[in-house]
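Student: Please choose one strand region of this structure and take me through it closely, partner by partner. I would like a connected account, with each term explained where it comes up.

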Amino acid sequence: MKSLSRRKLLTAGLSVAAGAAGLAAAGKLARRYNLIPPDGGGLYGPGETLTYAAQRLITRHSMAREFSKSQICEKPFRNELAPMPDLYKQLQANNFRDWKLSIGGLVSQPAAFSLSEIRALGMKSQITEIACEEGWSYIAQWTGTPLSAVLNQVGVAPQARYVVYQSIEKPWWESIDMADALHPQTILAQGMNDSDLPAGFGGPLRLRVPRQLGYKSVKFISQMTVTDSLKSFGKGLGSASPEAGYSWFAGI
Ligand SMILES: Nc1nc2c(c(=O)[nH]1)N[C@H]1C(S)=C(S)[C@@H](COP(=O)(O)O)O[C@H]1N2
Ligand SMILES: [Mo]
């Protein structure tokens, strides 16, 4: 109860501040509660901060909508892919038996997991919608291991704030905050619609982040870093998307 009313108060405070005294005041409040997104500077910064802070305060624990089997799209649209790097083709030729997901950074035991080691940590399925910022979307079933299970294996340090994840396909990389990283619907997917995740959809390993737009669901995940700051990654804006003009936080 106490934290709920505090959250309400904070949210009210944020919107009042935004309305009455402008975005700068909202930013001040957000900063105080550590709710500045990594791309919160610059021209659109105050807007990004308000969106992220408000969503984190109001919908932190909410779930993405799940659908029934009959709603699965028969012909899911997939994004055009550039030719895959040679390393990917080599791993594919051996049925991805040597695929590794390495996790380092602010963890007590950095590790590299094979696909079967990840599967052994538990699997679950979800039927959710993936939505591209360009306007199209589709519903599919994804099966995989909650990212939280893998993070528990390596032991996340208490000061951790973000998980950065990299594709074997450059230059795709993204990051999410711990609220999304530990969210029960954030999964390392290895299956789609009851078969192996097809290569075109990110096989053998894709991070599904169903509470954010499609570009956060990066395909071909091979590396993760747990961190308390995103400043030293890329241009310091949190991920590849703000570098290309999109929001780091793409909550839906
Ligand atoms: N490695 C990699 N991941 C990626 C992309 C990509 O081109 N390469 N496209 C992103 C974008 S912009 C979207 S909308 C979704 C599209 O997912 P789909 O191909 O399953 O429709 O994947 C995201 N993940
Ligand atoms: Mo997209």
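**A hairpin strand and its surroundings**

Tutor: Let us begin at a single bridge, where G191 faces D196, a residue of strand β8. This model is predicted, so to speak of a local feature requires a pLDDT of at least 70 and side-chain atom pairs count only at pLDDT 80 or more, while totals for chains, interfaces and linings use all residues, and side-chain values rest on heavy atoms, with hydrogens and water left out. Residues are numbered from 1 along each chain as its sequence is written, with chains lettered from A and ligands numbered from 1 in the order in which they are written.

The bridge belongs to the antiparallel pairing of β7 with β8 (residues 195–196), which has two bridges. Strands and helices here are DSSP runs numbered from the N terminus (E, at least two residues, for a strand; H or I, at least four, for a helix), and two strands pair if DSSP finds at least two bridges between them. Together β7 and β8 make a hairpin with two residues between the strands, and in its turn N193 takes a positive phi of about 50°.

Strand β7 has further partners. Five bridges join it in the antiparallel sense to β4 (residues 137–146), with P146 set opposite I187. With β9 (residues 206–208), β7 shares three bridges and again runs antiparallel; there A189 has R206 as its bridge partner. Six of the six residues of β7 (residues 187–192) are buried, so the strand is largely enclosed by the rest of the structure; buried stands for under 20% relative accessible area, exposed for over 50%, and partly exposed for values in between, with a 1.4 Å probe and protein chains only. The loop that leads from β8 to β9 contains P204, and the peptide bond from G203 to P204 is cis, with omega near 15°.

Beyond β9, the loop towards β10 holds F220, which has a positive phi of about 55° although it is not a glycine. F220 is buried, at a relative accessible area of 0%. A useful comparison is N95, in the loop between α4 (86–93) and β1: N95 likewise has a positive phi of about 55° without being a glycine, but it is exposed, with a relative accessible area of 57%.

Strand β10 takes us into an open sheet of five strands, with mixed pairing and the order β2-β1-β10-β5-β6. At its edges stand β2 (111–114) and β6 (173–177), each with a single partner strand, so one side of each has no neighbour in the sheet. On average, neighbouring strands of the sheet are turned by 20° against each other, direction ignored; axes are lines fitted to C-alpha atoms, for helices over the stretch in contact, and angles run from 0 to 180 degrees between N-to-C directions.

Within this sheet, β10 (residues 221–227) pairs with β1 (residues 100–105) in the parallel sense over four bridges, and S102 is found opposite Q223. The pairing of β10 with β5 is antiparallel and has six bridges, one of its facing pairs being Y162 and T227.

Like β7, β5 has six of its six residues buried, so it too is largely enclosed by the rest of the structure. In a regular strand, side chains alternate between the two faces of the sheet. In β5, Y162, V164 and Q166 point one way, V163, Y165 and S167 point the other way, and all are buried. Five bridges join β5 to β6 in the antiparallel sense, among them that between Q166 and W173. These two strands form a hairpin with five residues between them; P171 lies in the loop, and the peptide bond from K170 to P171 is cis, with omega near 5°.

One helix completes this view: α6 (residues 147–154) lies across β1, β2, β5 (162–167), β6 and β10 and runs at about 140° to β2, where contact is taken as heavy atoms within 4.5 Å.
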